[in-house]
Amino acid sequence: MKLLLSLAVVLLLGAAQGRAQAVSVITFDQLDSLTQSTGDTLVIFNFWATWCTPCIAEMPAFDSLHRAYTGRKVRVVFVSLDFISQLEKRVIPFAGKRKFAPPIVLLNAPDPNSWIDRISPAWSGSIPATLVVNNAKNIRNFYEREFTFDELQSIIQPLMEDR
Amino acid sequence: MKTFLFALAFCFAAFAASNAGSGSNAGYKVGDTARDFKLKDVSGNMVSMADNRSAKGFIVIFTCNHCPYSVAYEDRIIALNKAFAPKGYPVIAINPNDPARQPEDSFENMQVRAKEKKFAFPYLLDETQEIATTYGATRTPHVFVLKKQADGTLKVEYIGAIDDNTDQPENVNEKYVEKAVAALNNNQQPDPDFTKAIGCTIKWKSK
């Protein structure tokens, strides 16, 4: 629980930008808790992996969005679906090289059939995939597709309006 | 009046066509009848399921060269064919990816990989992506277990993952495809008959 709280602080309040990128390894239950504890912040969980070409291609758009909305209750979290065995070899070096502003976590949950539906029943299991959540506003939207910066902005903007 | 009726009929036809379109986009569900295909194998021959008259069914696997999930399952796919082809359920591997978007998945590279790994089953290229679209495959690997019916049609009996641990074969708890085929050979329904897995998105041709 303590780990989860400190994770939530890092993920939702944000690590100091520009600091060396660390990658936290989390279980599905921890990820699930994070998606339930966004408060009134719009948190964009982007599912990716170092081996997924279209994922890598769209990550800069999510990074730009995260930076563009600094201070406006919008945050991005990159959720890596790389195998845990690739953490040291691929994920950490990738994170270090790309220096994205959003935090990166590696989801260590080997049995996807047990949790894919808990992210969204609409998810077939291919990536990239993106979950947009704001618990306070009862928003939980799922997208199994690729995004450009403009496309991301067009789905975020309507969710930012008071309702 | 005649023109009006014609226009009306045209509208209905267009409506029916658009409905049929959206229906087929959803792909197969368990219980549906699967269509056969005629696709080019790495050997250069055209392969259809109808060619194999003695099979009781097929383990159709959408897979490819480049995807680490497919690579992680290669040896298990080979083992599935080895175990179940003699029991009436051979593997048919189909690469649905557009080589223009993923050059590693070109026909030539498929030939290289099939030879390296000594594939004893067909490895077919779905060049138009029509089969992947019709079946509703979204990722690689994505498995469809089909059972031949008395009338020769092929019924979809299982859709999903090969097992529940891609990265660590030694830690697999549930061998979904193995269980499904074993159930079919015992005249039982697979349980589960549908699972989800993480996989590489199929690289669709740009429209």
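The buried residues of helix α4 of chain A pack against three strands of chain A, namely β1 (23–26), β3 (74–80) and β4 (104–107). Bear in mind as you look around that this is a predicted model.

Helix α4(A) covers residues 87–98. Its 12 residues reach 15 Å from the first C-alpha to the last, close to the 16 Å expected at 1.5 Å a residue. The table sorts some of its residues by burial.

| Group in α4(A) | Residues |
|---|---|
| Buried | A:V91, A:F94, A:A95 |
| Exposed | A:E88, A:K89, A:G96, A:K97 |

The buried residues A:V91, A:F94 and A:A95 sit on the same side of α4(A), because they cover an arc of only 95 degrees around the axis. An α-helix has 3.6 residues a turn, so residues three or four places apart point the same way. The exposed residues in the table lie on the other side of α4(A). After the helix comes A:K99, with a positive phi near 50 degrees.

Now to the meeting of the two chains: 16 residues of chain A are in contact with 16 residues of chain B. On the chain A side, α5 (116–119) and β5 (126–127) each supply at least two residues. That side divides into 9 nonpolar, 5 polar and 2 charged residues. Strand β5(A) runs parallel to β10 (residues 199–201) of chain B, joined to it by 2 bridges, and A:I127 has B:C200 as its bridge partner.

A:I127 appears again in the largest nonpolar core, which has 88 residues; it is one of those touching the most other members, as are A:V79 and B:A93. Strand β2 (residues 42–48) of chain A gives this core its largest share, 6 residues.

Conventions. Residues numbered from 1 in each chain as written. Chains lettered and ligands numbered in written order. Predicted model: local features only at pLDDT ≥ 70, side-chain atom pairs only at ≥ 80, totals over all residues. Contact = placed C-beta atoms within 7 Å. Helix = DSSP H or I, 4+ residues; strand = E, 2+ residues; numbered from the N terminus. Nonpolar A, V, L, I, M, F, W, Y, C, P; charged D, E, K, R; others polar. Pairing = 2+ DSSP bridges. Core = buried A, V, L, I, M, F, W, Y, C linked by C-beta atoms within 7 Å. Buried ≥ 20, exposed ≤ 12 C-beta atoms within 10 Å, placed from the backbone. Expected span 1.5 Å × (residues − 1). Arc of directions from axis to C-beta.
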